[in-house]
Amino acid sequence: MTPGYQILSLDELEPAPYHAREGEKLLAVERALDYRATGVNGWLGDAGEILVPEHEEEDGDEELYVVVRGRATFTVDGADVAAPAGTLVFVLPGERRTAVSEEPGTIVLAIGSTPGKPHEPAGWTHWVVADALRREGRVEDGREAIAEMLEAHGGAWHAPYNAACYEALAGDADRAFEHLGRAVRMSGDEARRHAADDPDLQPLRGDPRWQDVVG
């Protein structure tokens with residue numbers, strides 16, 4: 001009988017640079033394990049690099065950051081927090097946070113979800129991996145990651161929305177509008193609100209179909 005459990009080392013995961021910025025290298029734990037109970041991913045950085053992208057959670061997600069290896073400095077709402085290996089940093093919704101690596105090979109694990117609300121994976125980590133492949137010129141490999149995302153998480157509107165972002169950046173407007181239209185049909189105003197100022201969708205804004213789909 002094949003066991004149901006999985007064993008994975010964070011060092012086995014290929015880092016995926018997020019949005020081509022310096023640092024901010026994602027370790028796609030959710031994607032590797034198909035883990036769906038909460039959001040969980042890792043961030044890898046060398047000394048001086050950004051580990052955790054600056055952001056705040058506006059939809060009720062609480063996040064727990066675990067410094068697995070190395071040393072980091074977190075900044076939460078303007079306050080700096082020294083975080084050597086073994087440190088837990090718990091951040092509430094609405095608090096702005098980021099982290100910088102202080103040593104080579106620092107790894108931070110990020111775990112998040114909204115209390116009292118079932119976690120609904122939307123395939124965000126698949127998109128990060130796909131976009132990193134696209135920037136390397138491996139567009140079709142990136143599309144394979146997008147197809148994997150749609151198969152696993154197609155019931156959430158974020159999945160076709162992220163697929164639309166990928167295709168917009170890859171230069172395929174037809175595929176992008178097909179995915180974006182599906183996202184709008186699934187979520188209505190929520191997808192439109194995100195699309196209105198999403199820089200990933202900028203290549204689509206001059207197309208006459210933009211007004212029909214997004215308004």
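Which residue stands opposite Tyr 65 in strand 8? I looked that up to get going, and the residue opposite Tyr 65 is Val 89. One note to self before going on: this is a predicted model.

**Entry 1: strand 5 and its partners**

I stayed with strand 5, which covers residues 62-69 and runs antiparallel to strand 8, with four bridges joining the two. Going along the pairing, I found Leu 64 with Phe 90 as its bridge partner in strand 8. Val 66 stands opposite Leu 88, also in strand 8.

Then I checked strand 10, residues 106-113. Seven bridges join strand 10 to strand 5, and these two also run antiparallel. Here I noted Glu 62 of strand 5, whose bridge partner in strand 10 is Ser 113.

**Entry 2: the whole sheet**

Next I wanted the strand order. I get an open sheet of six strands, running 1-2-3-10-5-8, with antiparallel pairing. The edges are strand 1 (16-17) and strand 8 (88-91), each of which pairs on one side only.

While at the edge, I looked at which way the side chains of strand 8 point. In general, side chains in a regular strand alternate between the two faces of the sheet. In strand 8, Val 89 and Val 91 point to one face and are buried. Leu 88 and Phe 90 point to the other face and are not buried. That put my opening pair in context for me: Val 89, opposite Tyr 65, is on the buried side of strand 8.

**Entry 3: aromatic rings**

How many aromatic pairs are there? I count five. I picked Tyr 18 and Trp 43 to look at: the ring centres are 6.2 Å apart and the planes sit at 70°, so I wrote the pair down as edge-to-face. Tyr 18 is in the loop between strand 1 and strand 2 (25-27), while Trp 43 is in strand 3 (residues 39-45), so this pair ties together parts 25 residues apart in sequence.

Are the two residues buried or exposed? Tyr 18 has a relative accessible area of 15%, so it is buried. Trp 43 comes out at 6% relative accessibility and counts as buried too.

A second pair in my notes is Trp 157 with Tyr 161, again edge-to-face, at 5.6 Å centre to centre and 80° between the planes. Trp 157 is buried at 9% relative accessibility, and Tyr 161 is buried at 5%.

Back at Tyr 18 and Trp 43, I also found Trp 124: ring pairs link these three residues into a cluster.

**Entry 4: helices**

Trp 124 took me to helix 2 (residues 124-135), whose axis comes within 10 Å of the axis of helix 4, crossing at roughly 10°. The two helices are therefore roughly parallel. On the helix 2 side, the contact is made by Trp 124, Trp 127, Ala 130, Asp 131 and Arg 134. On the helix 4 side I listed Asn 162, Cys 165, Tyr 166, Leu 169 and Ala 170.

What does helix 3 do with helix 4? Helix 3 (residues 139-153) packs with helix 4 (residues 158-170) at an angle of about 170°, their axes 9 Å apart. Angles over 145 count as roughly antiparallel, so that is how I wrote down helix 3 and helix 4. Their crossing is left-handed.

For the residues that meet, helix 3 gives Val 139, Gly 142, Arg 143, Ile 146, Met 149, Leu 150 and His 153. From helix 4 I noted several, including Ala 159, Pro 160, Ala 163 and Glu 167. Asn 162, Tyr 166 and Ala 170 turn up in the helix 3 contact and also in the helix 2 contact.

**Entry 5: two odd phi values**

Last, the backbone. Most residues other than glycine have a negative phi. Asp 34 goes the other way, with a positive phi near 55°. I found Asp 34 in the loop between helix 1 (29-33) and strand 3. Its relative accessible area is 43%, so Asp 34 is partly exposed.

Asp 77 also has a positive phi, near 50°. Asp 77 sits in the loop between strand 6 (71-76) and strand 7 (79-84). At 52% relative accessibility, I put Asp 77 down as exposed, because the cut-off is over 50%.

Terms used
Residues numbered from 1 in each chain as written. Heavy atoms only, no water. Pairing = 2+ DSSP bridges. Phe/Tyr/Trp six-rings, centres within 6.5 Å; stacked < 30°, edge-to-face > 60°. Buried < 20%, exposed > 50% of the residue type's maximum accessible area, 1.4 Å probe, protein only. Axes fitted to C-alpha atoms, helices over the stretch in contact; angles between N-to-C directions. Parallel < 35°, antiparallel > 145°, perpendicular 65-115°, else oblique. Left-handed = near helix turned anticlockwise from the far one by under 90°. Contact = heavy atoms within 4.5 Å.
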